[in-house]
Amino acid sequence: MPRTLLSIKDLRVYYETIRGYVKAVDSVDLEIYEGESFCLIGETGCGKSTLALAIPRLLPPNARILSGSIMFKNIDLLKLSDSELEEIRGRDIAVVFQNPMSSLNPVLRIGLQVGEPLVAHFKTPWREALISAIKQLSRVGIPDPHLRSKDYPHAFSGGMKQRSMIAMMTSCKPSLLIADEPTTALDVTIQAQVLRLIRELKEEYGLTLLLITHNFGIVAEMCDRVGVMYAGKLVEVGNVIDIFESPLHPYTKGLIECVIARRKSKSRLSQIPGAPPSLINPPGGCRFHPRCLYATSRCTSEEPGLIEVSRKHIVACHNYVR
Amino acid sequence: MIRLISERIKLLSNNETFKLFLTYKRGIIGLLLLSLMVFLALTADFIAPKKFDEVDPSSRLLPPSIKYLFGTDHLGRDVFSRVIYGARIALWVGLLVVLVEAGIGVPLGLLAGFYGGRVDKFISAITDLIWAFPPIVLALAIVTILGPGLTNVVVAVAVVSWAPYTRVVRAKTLSIISREFIIAARAIGESSFSIMLRYILPNTLPPIIVLATLTIPSAILYTTALSFLGFGAQPPTPDWGLMLSEGRDYIFKAPWCCVFPGLFITLTALSFNLLGDALREVLDPKLRYG
């Protein structure tokens, strides 16, 4: 049995807005094991980024963590003070963001930024940090790292910026790397390269990867286990093969049927009817019931808990057996 | 040394911002005027024909001539020499005031924008209070307490006019703080202090530079005004404001005593304004790429 690196229990993150609380993450339990690649998948606005950013507590100021615990190496991250958290961020937990275009400081040279975590965490002298930054840049495939480390971010392409981000985030060899849709903003041709880089670094440094995406291709490519989120809830967790071969939750089934590559020729592209619900007043019972083809009266009134169907395959649905 | 300078110039002429700046005629005129003032201030010791406090009772209130380019004042001092030495004082004072203003205003703006909430409310309230006060009156009050003198005038003018810096920096901080690279900086474990210092402050520099060029003229005007009123520089300092004040009694008999210091005050203020105007447009990325 692999060791648990991160254990999230009953996490609720709400956003405070004028119209009320947006229940972005609602009572989510999740375990991530050491050394694995875990994928969070779900449509836009289902709370997957919120869940991921809640781990290093990088949420926007209007977010409220109402309950729960996030145990990372037996430390509850939610109970740490800001300065204790600053020590963990970047050293043990690193985050690669969605948009590399705006994730680098426009007025600092690339080399300085990539070396920054070493200076911040280990008080490495600048000269040494710069040398290791150049090594790190060449590791992520930036050509002429000696010269390019003196460039400012605007001189880099999107792919190079994302590579530099990855170089910066892995410079302290963290144990957990959270990648929040790391390739969404990139060209398709660059996406594969960046994903390969992440996978290589994961093997090399022994990272645990938490990848957030809405792309099943990336899931199949990168992950050991998958968690499917819908409307702030985790609805299904399982091995990547189980999820693809025998999805249990109707939402997961619907999502997989939507993948264009899996469509039989000439058949109409399938879709999930309806739209995702408002997270301010989510539907009662199972949150998916208004869009679910198999909904029963029980689904409208009673919220399904997570049921362990088989080892490591968990689903939140009343009538998963059909 | 010369090679180094020529390389620098080559580098500068390839710089996009600099190229864009060259397309603004106002900016060039401002820069030339300012360069002239700086040149006069730096070389005053060599180009001034007389010393600024050299009294010559035999040649009082002489009109401009070859010997006395700008004429002489009531004590027979050469107005041209005094005006040149005055440039030194005016620029130095303007620079000093702006430094003190930025020193007060920028940190406050950073704190207000970064922490928000109560800190922001408190700092913004003080800023509004200072802003609402008529600056000359407040400066007068402060100089009255501190006593006359150029240093005290610098302090007084800075204390009454740092508010724009706080506002500009606060607004810029607010717009930067929601950008992704600040979250990324927090994600690598940067402390609030180093985020403010290394990530936000450098990004607020362009508006600060523009604001500085726009507040130097008003700083110069305020200090000369206080000197004119007798609170600033004391005789025989060749301060332009003081020269105006001394020449006032002879304005009909010997207008050159007032005209030339006044002209130089105007030109200096104008040069900064023209330069600042052009800089604002050059440094504003919206106008640049929009």
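Which helix gives the most to the lining of the largest cavity? The answer is α11(B), with three residues. The model described here is predicted, and this report goes through its cavities, one pocket, chain A as a whole, one helix of chain B and a few single residues.

## The largest cavity

Two cavities of 30 Å³ or more are present in the structure. The largest cavity has a volume of about 60 Å³. Its lining is made of B:D73, B:H74, B:V79, B:R82, B:M243, B:E246, B:G247 and B:C257.

Two elements of chain B, α4 (79-115) and α11 (240-247), each supply at least two residues of this lining. By class, the lining of the largest cavity splits into three nonpolar, two polar and three charged residues.

## The second largest cavity

The second largest cavity holds about 40 Å³ of space. The residues around it are A:H249, A:P250, A:C286, A:F288, A:H289, A:C292, A:C299 and A:C317. Six of the lining residues are nonpolar and two are polar, with no charged residues.

Two of these lining residues, A:C286 and A:C292, return below in the account of A:E303.

## The second largest pocket

The second largest pocket has a volume of about 1000 Å³. It is lined by 33 residues, and those closest to its centre are A:L58, A:L59, A:P60, A:P61 and B:R186. Elements of both chains give two or more residues to this lining: α1 (48-54), β4 (63-72) and α2 (82-88) from chain A, and α4, α8 (163-177), α9 (180-187) and α10 from chain B.

Which element gives the most to the lining of the second largest pocket? That element is α9(B), with four residues. Sorted by class, the pocket lining has 16 nonpolar, eight polar and nine charged residues.

## Chain A as a whole

Chain A contains eleven helices and twelve strands. Along the principal axes, its C-alpha atoms fill a box of roughly 65 × 50 × 45 Å. The radius of gyration of chain A is 21 Å, which agrees with a compact globule, because a globule of 322 residues would have a value near 20 Å.

Of the 322 residues of chain A, 54% count as buried. Among the contacts in chain A with a separation of 6 or more, 64% join residues 24 or more positions apart. The chain exposes about 14600 Å², and carbon and sulfur atoms supply 52% of this area.

## Helix α7 of chain B

Helix α7 of chain B covers residues 150-160, and its buried residues are B:N152, B:V153, B:V154, B:A156, B:V157, B:A158 and B:V160. What do the buried residues of α7(B) pack against? They pack against α4, α5 (117-132), α6 (135-146) and α10 (192-228) of chain B. Of these partners, α4 also supplies at least two residues to the lining of the largest cavity, and both α4 and α10 of chain B give two or more residues to the lining of the second largest pocket.

## Residue A:E303

A:E303 is located in the loop between α11 (297-301) and β11 (307-310) of chain A. Is A:E303 buried or partly exposed? Its relative accessible area is 44%, so A:E303 counts as partly exposed.

Apart from neighbours within four places in sequence, A:E303 is in contact with A:K233, A:G285, A:C286 and A:H318. One of these, A:C286, also lines the second largest cavity. A:C292, another residue of that lining, is eleven residues from A:E303 in sequence and 14 Å from it in space, C-alpha to C-alpha.

## Backbone details

Two residues of chain A have a positive phi although neither is a glycine: A:K73, at about 50°, and A:E181, at about 45°. A:K73 sits in the loop between β4 and β5 (75-76) of chain A, and A:E181 in the loop between β7 (176-180) and α7 (188-205) of chain A. With 41% relative accessibility, A:K73 counts as partly exposed, whereas A:E181, at 6%, counts as buried.

In chain B, a cis peptide bond joins B:P235 and B:P236, with omega at about 10°. B:P236 belongs to the loop between α10 and α11 of chain B. On one side of that loop is α10, one of the elements that give two or more residues to the lining of the second largest pocket; on the other is α11, which gives the most to the lining of the largest cavity.

Definitions and conventions:
Residues are numbered from 1 along each chain as its sequence is written. Chains are lettered from A and ligands numbered from 1 in the order in which they are written. This is a predicted model: local features need pLDDT of at least 70, side-chain atom pairs count only at pLDDT 80 or more; totals for chains, interfaces and linings use all residues. Side-chain values use heavy atoms; hydrogens and water are left out. On a 1 Å grid over the protein atoms alone, a cavity is a set of points where a 1.4 Å probe fits but cannot get out, and a pocket is an open set with protein on both sides within 12 Å along at least five of seven lines; lining residues have an atom within 4 Å of a point. Grid points are joined across faces, edges and corners, and a volume is the space filled by probe spheres set on the points. Ala, Val, Leu, Ile, Met, Phe, Trp, Tyr, Cys and Pro count as nonpolar, Asp, Glu, Lys and Arg as charged, and the others, Gly among them, as polar. The radius of gyration is taken over C-alpha atoms; the globule rule is 2.2 Å times the number of residues to the power 0.38. Buried means under 20% relative accessible area, exposed over 50%, partly exposed in between (1.4 Å probe, protein chains only). Contact means heavy atoms within 4.5 Å. Accessible areas come from the Shrake-Rupley method with a 1.4 Å probe; for residues, only the protein chains shown count as cover.
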